[in-house]
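Visitor: Here's a model I haven't looked at before. Could you take me through some of its packing, one question at a time?

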Amino acid sequence: MNRVMDVLTINQLLGRIVYFHALFIEPALEPSTARGPGRVCCNHGLASDRSTVTELLPDSPWLALVEVAATLPAHHQPCLQADSACCATCRVTAAAAAIAAGWAQTEYRSYQRTEPDETLLHSCRLAAAARLGWAFATQHAASCLVLDRLTAPESLPGRGELPLTGELLALWANPTTNTYHPVASWLNHCTGLDDVRQVRETRRTDS
C-alpha cells in the first residue's frame, strides 16, 4: 500500500465526515448541554511520553474531528485536564466517539421519532473510537494506552438502520480498502435527514 495514497484515503474519509455532518447532522441537532470531561488522557495519567496534540494535530486534517465533536457537547468527553500536552491519539478517539454517538442519536430521533437506547450509542461510540483511533495511531506511529484497551462491540447498526452512522463505522473498519475507490453512495443524492428517512421508508416498503 502506497503511504501517500493512504494519506489521500484518510483525508477523503475525514472530509466525508465534515461534509455529512454539516449537511445532515447540524441542521437536525437539538439543544444539548455538555456531557462533561472524560477520564484523563495517557499524558495526564500514568504515561507522559505519548505524542502530544501540539506535535500532531495543528494544521492536520484530523483536527476537523475535534472541531466537529465540539458541536456535539452532549457526547464529547475530552481529557479531564485537556490542554496542548494531551495525548493526540486520546484526543482523536474522544472526538470520534462523540461524532458517532451524536450522529446515531440524531439519526435515530429523525427516523424513529424517539430516543435511542444507550446501548446503541455506547456501541457506536466505542467502535468509532477504536477504528478512527487505530487509523490515526497507525498513520502517525503514535502509541496510546487508552486505544490499546478498547475492544470492539459485538453488534453495530448497519447502513440500512442508521445510514450515516453505519457507513461511518463501515468505512473506517479498514480505511485502506477504499484506496482507488471514491467514496460514493445513495446518500450523496440526499440533501437532509428527511430525504434519507424517505428513502429508507421507500426501500422498506418495496422490500
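**Packing, charges and empty space**

Visitor: Is Pro 163 buried or exposed?

Guide: The relative accessible area of Pro 163 is 2%. Buried means under 20%, exposed over 50% and partly exposed in between, with a 1.4 Å probe and protein chains only. So Pro 163 counts as buried.

Visitor: Before we go on, what kind of model is this?

Guide: Residues are numbered from 1 along each chain as its sequence is written, and side-chain values use heavy atoms, with hydrogens and water left out. Local features need pLDDT of at least 70, side-chain atom pairs count only at pLDDT 80 or more, and totals for chains, interfaces and linings use all residues, the model being predicted.

Visitor: Back to Pro 163, then. Which residues does it touch, not counting those up to four places away in sequence?

Guide: Pro 163 is found in helix H7; helices (H or I, at least four residues) and strands (E, at least two) are DSSP runs, numbered from the N terminus. Its C-alpha atom is separated by 8.3 Å from that of Glu 107, 56 residues away along the chain. Counting contact as heavy atoms within 4.5 Å, Pro 163 touches Glu 107, Tyr 111, Gly 158, Trp 186, Leu 187, Val 196 and Arg 200.

Visitor: Let's talk charges. Which residue meets Arg 16 in a salt bridge?

Guide: A salt bridge needs a side-chain nitrogen of Lys or Arg within 4 Å of a carboxyl oxygen of Asp or Glu, and a search of the whole structure turns up five. In this one, N and O are 2.5 Å apart, and the pair ties helix H1 to helix H7 across 151 residues. Both ends are buried: Arg 16 at 11% relative accessible area and its partner at 6%. That partner is Glu 167.

Visitor: And which residue forms a salt bridge with Arg 197?

Guide: Arg 197 counts as buried at 16% relative accessibility, while its partner is partly exposed at 44%. Both lie in helix H8, three residues apart, or about one turn of the helix. Beyond neighbours within four places in sequence, Arg 197 is in contact with Ser 110, Tyr 111 and Arg 113. The salt-bridge partner, with closest N and O atoms 3.7 Å apart, is Asp 194.

Visitor: Which residues are linked in a network of salt bridges?

Guide: Some salt bridges pair just two named side chains here, one of them Arg 125 with Glu 118 at 3.5 Å, N to O. In that pair Arg 125 is buried at 10%, and Glu 118 is partly exposed at 45%. The network links Glu 30, Arg 109 and Glu 115.

Visitor: On to rings. What is the geometry of the Phe 20 and Phe 24 pair?

Guide: Rings of Phe, Tyr and Trp (its six-membered ring) pair if their centres lie within 6.5 Å; planes under 30 degrees apart count as stacked, over 60 as edge-to-face and the rest as tilted. Both Phe 20 and Phe 24 are buried, and they sit four residues apart in helix H1 (residues 3–25), about one turn of the helix. Their centres are 5.0 Å apart and their planes at 70°, so the pair is edge-to-face.

Visitor: Which residues form one aromatic cluster?

Guide: The whole structure has four aromatic pairs. Among them is a tilted one between Tyr 19 and Phe 20, at 5.6 Å centre to centre and 40° between the planes. Tyr 19 is partly exposed at 46%, whereas Phe 20 is buried at 2%. The cluster is made of Tyr 19, Phe 20 and Phe 24.

Visitor: How much space lies in the largest cavity?

Guide: A cavity is a set of points on a 1 Å grid over the protein atoms alone where a 1.4 Å probe fits but cannot get out, and lining residues have an atom within 4 Å of a point. Points are joined across faces, edges and corners, and the volume is the space filled by probe spheres set on them. The lining includes Arg 16, Phe 20 and Glu 167. The space comes to about 70 Å³.

Visitor: Last one: which helix gives the largest share of the lining of the largest pocket?

Guide: A pocket is an open set of points with protein on both sides within 12 Å along at least five of seven lines, and the largest has a volume of about 830 Å³. Its lining has 28 residues, with Arg 39, Gln 77, Thr 93, Val 146 and Leu 150 nearest the centre. The largest share, five residues, comes from H4.
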